[in-house]
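Me: Please show the structure, then go through its overall form and its nonpolar cores.

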Amino acid sequence: MIKTKKQGILIVISAPSGAGKGSVIQEMCKRDPNLWVSISATSRPMRSNDEEGKTYYFLNKSEFEQKIEENYFLEYAEYAGNYYGTPKKYIQEHLDQGEDVILEIEIVGAMNVKKRIPEALCIFIMPPSLQELKQRLENRGTDTKEKILERFKIAYKEINEVAKYNYVVINDKIETAADKVLSIIKAEKCRVDRIEEVALSNEEEYMHEMLIDDKTFSNEPLNINNTSN
Ligand code: 5GP
C-alpha cells in the first residue's frame with residue numbers, strides 16, 4: 001500500500017580523529033550488506049596501514065587542486081594541512097541501486113554536503129571522553145607529537161559543533177555504537193518524507209468504492225457492546 005523511495009540514503013558520519021569511527025563503520029558493514037562506503041581522495045601522506053584505492057585515493061597537492069578545478073568532488077575540505085574530498089563519481093550510482101551510501105568526512109565537508117543535499121542524514125560519533133580520545137590518538141602511533149596535538153585541538157572544536165548534526169552516538173563500545181547507528185538508519189527509512197506515494201491496489205480502490213456506496217456494510221449503527229470476539 002505504501003511505496004517507499006527505492007533510492008538509498010546518503011549518510012554522513014563525522015567524528016573527531018581518534019573517536020573510532022572507522023571501526024564503527026567496519027562493524028556496521030559486517031552487519032548490513034546494503035551499505036556502501038565512499039572512498040575519498042586525499043593529499044595527506046600515506047600511513048603504514050593505508051592502501052591506495054582502499055583507504056583513500058592518494059593524490060599530490062597539485063593533482064588534488066586540478067581535480068577541484070574539474071569539479072570532481074561533491075565536497076572537499078582542508079584538514080590538518082591536507083586536502084580531503086569526496087569524488088562525485090559512483091555515489092549517485094550506488095544510491096540509485098538502493099544502497100545506503102556512507103561518507104566518512106570531517107565537519108566542514110559534512111556541512112557542505114548538508115547544504116547541497118538537505119535530506120542527507122548526518123551522524124556525529126563522540127569519543128567517551130577527551131582523555132580517552134587523547135589516549136587513542138597517542139596509542140595509534142601513526143603521527144608525530146605535533147600532528148597529534150593539532151588533531152586534538154581540531155577534535156575539541158569539532159565536539160562543540162555537534163548540534164549541527166541530526167544524531168549523536170557515543171562510541172564507548174564499537175558493537176553498541178554500530179548498533180545505534182544502524183538503528184538510526186532503520187528509523188530514518190520509516191520517515192514519512194521518505195515515502196514516495198501511498199498507492200492503493202485495485203482491490204483496495206474497489207473496497208473504498210463499495211464503502212462509499214454503502215454496499216458492503218449494513219446501515220446498522222456500530223454498537224461495540226454487540227460485538228463478540
Ligand atoms: P585521516 O587523516 O585521519 O584519515 O582523516 C582526517 C579527517 O579527514 C577525518 O575526520 C576524516 O573523516 C576526514 N575525511 C576523510 N575523507 C574526507 C573527505 O572526503 N572529505 C572531508 N571533508 N573530510 C574527509
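Some questions and answers on this model follow.

Reply: This is a predicted model, where local features need pLDDT of at least 70, side-chain atom pairs count only at pLDDT 80 or more, and totals for chains, interfaces and linings use all residues. Residues are numbered from 1 along each chain as its sequence is written, and side-chain values use heavy atoms, without hydrogens and water.

Me: Is the protein spread out or a compact globule?
Reply: The globule rule (2.2 Å times the number of residues to the power 0.38) is set against a radius of gyration over C-alpha atoms. For 229 residues the rule gives 17 Å, and the radius of gyration is 24 Å, well over that, so the protein is more spread out than a compact globule.

Me: Which helix gives the largest share of the largest nonpolar core?
Reply: A nonpolar core joins buried Ala, Val, Leu, Ile, Met, Phe, Trp, Tyr and Cys residues through side-chain atoms within 4.5 Å, buried being under 20% relative accessible area with a 1.4 Å probe, protein chains only. Strand E2 (10-14), helix H1 (21-31), strand E9 (121-126) and helix H7 (174-189) each give two or more residues to this core; helices (H or I, at least four residues) and strands (E, at least two) are DSSP runs numbered from the N terminus. The largest share, six residues, comes from H7.

Me: How many residues are in the second, separate core?
Reply: Among its members are Ala 110, Val 113, Cys 122 and Tyr 165. This second core has 18 residues.

Me: What percentage of the residues count as buried?
Reply: The count is taken over the 229 residues of the protein. The buried share is 38%.

Key:
Buried means under 20% relative accessible area, exposed over 50%, partly exposed in between (1.4 Å probe, protein chains only).
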